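The report below describes a protein model, moving from one chain as a whole to its contact with a partner chain and then to selected side-chain pairs. Please read it alongside the sequence and coordinates shown here.

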Amino acid sequence: MSLRRWFLLPAWLVTTGLFWAPMGIVLAYSLLTRGPYGGQSLPLSLESYQRFFDPLYGEILLRSFWIAVETTVLCLVLGFPLAWFISRSGPRRGMYLQLVMLPFWTSFLVRTYAWVFLLRDTGLFNSVLLALGWIEQPLPLLYNHGAVLVGLVYCSLPLAVLPIYSTLERLDYSLVEAAADLGATPWETFTRVVIPVSAPGLRTAAFLVYVPALGTYLTSDLLGGGSTILIGNLVQNQFTTARDWPFGAAASLILMVVVLAGLALVARHREDIL
Amino acid sequence: MADVLTLAGVSKDFPTHRAVDCVDLSIPAGEFHALVGPSGCGKTTTLRMVAGFEIPTTGTILLEGKNVAPLPPHQRNVSTVFQNYALFPHLTVRGNVEFGLRRKREAAPLAQAVREVLELVRLRGKEDRMPHQLSGGERQRAALARSLALAPAVLLLDEPLSALDPNLRKQVRLELKALQRRVGITFLMVTHDQEEALTLADRITVMNQGQVEQTGTPREIYLRPATAFVARFLGAMNWLEGFGLRPEATRIAAGRVPEGARSMPALVLDSTFLGNCIHVLAEMPGGEKVTVEVSRFEGMYKPGDRVRLWWNEEDELRFK
C-alpha cells in the first residue's frame with residue numbers, strides 16, 4: 001500500500017466504526033420484533049416499517065418535512081441580506097462574522113431554553129406587551145408550531161449565513177454594475193444576476209439548514225409541547241419511554257431516506273453540497 | 001456636429017480625497033475619445049460618473065442634451081465595457097447579449113438583433129458558449145456585443161484591452177477602431193496606455209490629479225503639449241535648458257550640422273540597439289542627459305564619441 005493510502009486509514013476507521021457499523025446495527029434492529037417487555041428479538045419482520053404507514057405517522061413525517069422547509073426558506077430569506085451586508089462591509093467583515101458565529105460559543109440547550117423565557121406567558125415579550133397595555137391577556141407564544149419555527153430559524157441562521165457569505169464575498173461586483181448598466185432595475189439585477197450567480201452558496205445553505213431541521217427533536221421538545229411532535233421526537237420516544245427500538249430504528253431509517261431523496265432531488269452538482 | 005456628451009464643472013469628492021476636480025469635457029457624436037493619465041488621475045472615476053456608478057459631488061453631465069448626473073445607471077442611454085468584461089457567468093453569449101435587449105424588444109426582432117450584433121463582432125456560431133469557454137479576445141468581443149446591442153448614445157470602455165495578452169492587443173486595437181468607424185457610435189475610452197490612446201482616438205483628454213491638462217487630437221497633444229506633464233506622459237522627452245525636445249526631433253552629427261539649425265556639443269555615453277532604431281544616450285556640457293533616436297542608416301556612435309546634437313527651433317517645446 002502506498003503512503004498516501006495510509007493517510008486515509010484514520011478516516012476510514014472512523015467512518016466504518018462510527019457510521020457504517022451503527023447504521024448496520026440500526027438496520028438490523030429495525031428488522032427485529034419488539035419483545036413483550038421492551039427489548040427486541042427474532043423473528044425478522046418488516047412489521048415496524050408497515051406500522052409507519054399509519055396516517056398518524058404520515059402526519060408527523062409531513063409536519064416535520066413542512067417545518068424543515070419553512071425553516072430553510074426563512075433562513076435563506078433572512079440570511080441572504082445579512083450575508084450581503086457583511087460581504088459589502090469592508091474591513092469590518094471579520095467582526096460581523098464573529099458576531100454571527102457567537103451563538104455557537106454557548107450551549108445549544110441553553111440558547112433554546114432562553115426562548116422559553118422569552119416566549120412564555122410571563123416571559124419578556126408578553127410582559128412588555130402587557131405593561132404597554134397593548135394586550136389584555138398573555139399571547140400564546142410558546143408550545144406551538146410558531147415557537148418551534150422561531151427556535152429552529154434562530155439556531156440554523158448562522159449555518160445559512162456562512163455559505164451564502166462565502167459566495168457573495170467572491171461575487172464580482174462589476175456583474176452587478178453591468179446589469180444596472182444594461183438597464184436592469186435593482187430588483188431585476190437581484191433576481192437575474194445575483195441570485196443565479198450565488199446559487200451554489202444558496203443550495204449549500206439550504207442543505208445545511210434543511211437536514212438538521214428535519215431531524216430536530218430538542219427544539220420541538222422544549223418549545224413545541226405535545227401538539228407539535230416531529231419525527232425526531234417520535235424516534236426519541238421509541239428509544240426511551242416507548243421502549244420500542246425496532247420501530248424507532250425503522251422510523252430513523254425512513255427519515256434518512258427522506259433526507260437523501262431530498263438531497264438527490266435538489267443537488268444538481270455534487271460539489272454544491274459542501 | 002453636435003456634442004452628444006458634455007461634462008461641465010464635474011467634481012467628485014471621496015471621504016479621503018477629491019478624485020475629480022472641476023472637469024469640463026465636450027464630445028461630439030461619433031467621436032472616439034480617449035481619457036488618459038496615470039493611475040489615480042481620476043479618469044476612471046470620470047468614466048464611472050458618466051456610466052452612473054458614481055454620482056458627481058458637483059457639476060452637470062449632459063447626455064444628448066439632458067442632465068443625467070443624478071440618474072441611476074439603468075436610466076441612462078450609455079453602456080460600459082468593463083475592464084474584466086463582467087460577462088454574466090451563468091448565461092451563454094446569447095443570454096448575455098439578450099440581457100439588455102430583452103427589456104426593449106419583442107421575441108422576433110430580438111433574435112435578429114442578437115444575430116446582427118454577433119455578426120458585427122465576429123462571434124456568430126458561438127452563441128451557445130458559456131463565457132468561460134471563450135478565449136480572452138472572444139470574451140472582449142462578447143462584452144462589446146452586449147453593450148453595442150443597446151445602441152447606446154455613448155459606449156464607455158474601461159481599459160478594454162488591458163486584460164488581453166500583448167500580442168493580441170495590437171490586433172484587437174485595429175479591430176476596435178474599425179468597429180467604431182462602422183457602427184458610428186461615440187466611444188469614450190479610459191486607458192493608461194499612451195500608444196493605445198494615440199492610435200485609437202480621434203481626440204485625447206489628458207488628466208492629472210483630477211484635472212484636465214489638455215484636450216486635443218493625437219497630433220496636437222504629441223506635437224504641441226500644453227503642459228510639461230502632458231509632454232512627459234505622452235512620449236519621451238529630453239529636457240534642455242528651458243525647453244523640451246522629443247528624442248526623434250533631436251538629431252546627432254559627427255561633424256558639421258545643417259545650416260540654420262541650433263546645436264550643442266555632446267559626449268556619447270551609451271548606445272542601445274532597439275531593432276527598428278537606435279537610442280543614443282549623450283551628455284551635454286551642462287550635465288543634462290539626452291536620448292537621441294537614430295535610424296540605423298545614420299551610422300554608429302560609440303561611448304566616448306564627441307558629437308554635436310542639433311535640432312530645429314520649431315521643435316523646441318516651451319512650457320510655463
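## Chain B and its contact with chain A

Of the 320 residues in chain B, 49% are buried, where buried means under 20% relative accessible area, exposed means over 50% and partly exposed lies in between, with a 1.4 Å probe and protein chains only. This is a predicted model, in which local features need pLDDT of at least 70 and side-chain atom pairs count only at pLDDT 80 or more, whereas totals for chains, interfaces and linings use all residues. Residues are numbered from 1 along each chain as its sequence is written, chains are lettered from A and ligands numbered from 1 in the order in which they are written, and side-chain values use heavy atoms, with hydrogens and water left out.

Chain B holds 8 helices and 17 strands; these are DSSP runs numbered from the N terminus, helices being H or I runs of at least four residues and strands E runs of at least two. Taken along the principal axes, the C-alpha atoms of chain B fill a box of roughly 75 × 45 × 40 Å. Among the contacts in chain B with a separation of 6 or more, 64% come from residues 24 or more positions apart, a contact being heavy atoms within 4.5 Å.

Helix H4 of chain B, residues 136–148, has 13 residues and reaches 18 Å from its first C-alpha to its last, close to the 18 Å expected at 1.5 Å a residue; the expected span is 1.5 Å times one less than the number of residues. Because 11 of the 13 residues of H4(B) are buried, this helix is largely enclosed by the rest of the structure. The buried residues of H4(B) include Glu138(B), Arg141(B) and Arg146(B), as well as Leu144(B) and Leu148(B).

The contact between the two chains takes 21 residues from chain B and 18 residues from chain A. The size of an interface is often given as the accessible area lost when the parts come together. Between chain B and chain A the buried area is about 1700 Å², of which carbon and sulfur atoms give 60%; this is the accessible area (1.4 Å probe) that the two parts lose on being put together, summed over both.

Across this interface there are 8 residue pairs in polar contact, both residues at pLDDT 80 or more; a polar contact is a pair of N or O atoms within 3.5 Å, where within protein one must be able to donate a hydrogen and the other to accept it, and residues adjacent in sequence count only if both atoms are side-chain atoms. On the side of chain B that touches chain A, helix H1 (43–51), strand S6 (78–81) and helix H2 (93–101) each supply at least two residues, and S6(B) gives the most, with 3 residues.

The count between chain B and chain A is 1 salt bridge, defined as a side-chain nitrogen of Lys or Arg within 4 Å of a carboxyl oxygen of Asp or Glu. The pair is Arg48(B) and Glu177(A), with the closest N and O atoms 2.7 Å apart. Glu177(A) is placed in helix H8 (residues 173–181) of chain A and is buried, with a relative accessible area of 12%. Not counting residues up to four places away in sequence, Glu177(A) touches Phe53(B) and Phe82(B) as well as Arg48(B).

Over all chains the count comes to 20 salt bridges, and the table gives some of the pairs.

| Pair | Closest N to O distance |
|---|---|
| Arg18(B) and Asp21(B) | 2.9 Å |
| Arg262(B) and Glu313(B) | 3.9 Å |
| Arg262(B) and Glu316(B) | 2.9 Å |

Arg18(B) counts as partly exposed at 40% relative accessibility, and Asp21(B) is also partly exposed, at 22%. Arg262(B), which is partly exposed with a relative accessible area of 35%, belongs with Glu313(B), Glu316(B) and Arg318(B) to a network of salt bridges. Within that network, Glu313(B) is exposed at 52%, whereas Glu316(B) is buried at 7%.

Gly304(B) lies in the loop between strand S16 (289–294) and S17 of chain B and is partly exposed, with a relative accessible area of 48%. Leaving aside neighbours within four places in sequence, Gly304(B) is in contact with Leu267(B) and Val268(B). The C-alpha atoms of Gly304(B) and Gly30(B), which are 274 residues apart along the chain, are separated by 53 Å.
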